[in-house]
Amino acid sequence: MIIISVDIGLTGYISVLQKHNEELILLEYVKIPTDLKKDELSSKSKYYVKKQIDYLAVDIIIKDLKASYSDDNEPFFMCFEQISTRKGFAVSSAMSLADSQATFRCIALQNNIEYFPIAPSKWKKKLGLSKDKDESINFLNKMIINKDIKVLNKVIKNHNFIESVLIGYYFSLIYKVIL
């Protein structure tokens, strides 16, 4: 099974994992590309103030990953963090996350990839993690040390990258239940 796992957001990452029998392998990862848009409300402004996920660049990345790893005999899925907002959450932040999630849904549909949004509360609870980003980093480090995951590339200490891997790991644990 190939899993494209995404920590959605403007500083997010896309990770590619393979689960073969009980072995989980991190094949590769890439930072989500963004573009800068000129503020539409102030056409006289010379500054670029709004940052968005670059849809076309992400689509090309997903197409390339699917072409590289897709196999008729191996299931291919995408999972990404579902929007989670709470009282007091800034409206602009919630809308930005909604835009990001919509981007990945559209790209998955366009590329015939079955996708699964995963609530942060579910995967973090299952893995025994809180909102503390350092916990996620330590959890992945323990997985590597215990050989629960095989890593083919250098692991970076970026919580967005690490959470993209952990979302995919969670999916690999529960995918038989949801299919």
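**Reading helix 1, Asp 7 and a pocket**

Mentor: In this predicted model, helix 1 has the buried residues Val 58, Asp 59, Ile 61, Ile 62 and Leu 65.

Trainee: What puts them on the same side of helix 1?

Mentor: Around the axis they cover an arc of only 160 degrees, so they lie on the same side of helix 1. An α-helix has 3.6 residues a turn, so residues three or four places apart point the same way. On the face turned away from that buried side, helix 1 carries the exposed residues Leu 56, Ala 67 and Ser 68.

Trainee: How do you know that the span of helix 1 agrees with its 15 residues?

Mentor: At 1.5 Å a residue, residues 55-69 should span 21 Å, and the end C-alpha atoms are 21 Å apart, so the two values agree.

Trainee: Why is Asp 7 called buried?

Mentor: Its relative accessible area is 3%, and buried means under 20%, so Asp 7 counts as buried. Asp 7 sits in strand 1. Among the residues it touches beyond four places in sequence are Tyr 13, Ile 32, Glu 81 and Ile 167. The C-alpha atoms of Asp 7 and Val 165 are separated by 8.3 Å, though the two are 158 residues apart along the chain.

Trainee: Which element gives the largest share of the lining of the second largest pocket?

Mentor: Helix 5 does, with four residues. That pocket has a volume of about 160 Å³, and strand 2 also gives two or more residues to its lining.

Trainee: How do the lining residues divide?

Mentor: Four are nonpolar, three polar and three charged. Met 1, His 20 and Lys 176 are among them.

Technical notes: Residues are numbered from 1 along each chain as its sequence is written. This is a predicted model: local features need pLDDT of at least 70, side-chain atom pairs count only at pLDDT 80 or more; totals for chains, interfaces and linings use all residues. Side-chain values use heavy atoms; hydrogens and water are left out. On a 1 Å grid over the protein atoms alone, a cavity is a set of points where a 1.4 Å probe fits but cannot get out, and a pocket is an open set with protein on both sides within 12 Å along at least five of seven lines; lining residues have an atom within 4 Å of a point. Grid points are joined across faces, edges and corners, and a volume is the space filled by probe spheres set on the points. Ala, Val, Leu, Ile, Met, Phe, Trp, Tyr, Cys and Pro count as nonpolar, Asp, Glu, Lys and Arg as charged, and the others, Gly among them, as polar. Buried means under 20% relative accessible area, exposed over 50%, partly exposed in between (1.4 Å probe, protein chains only). Contact means heavy atoms within 4.5 Å. The expected span of a helix is 1.5 Å times one less than its number of residues. The arc is that of the directions from the helix axis to the C-beta atoms.
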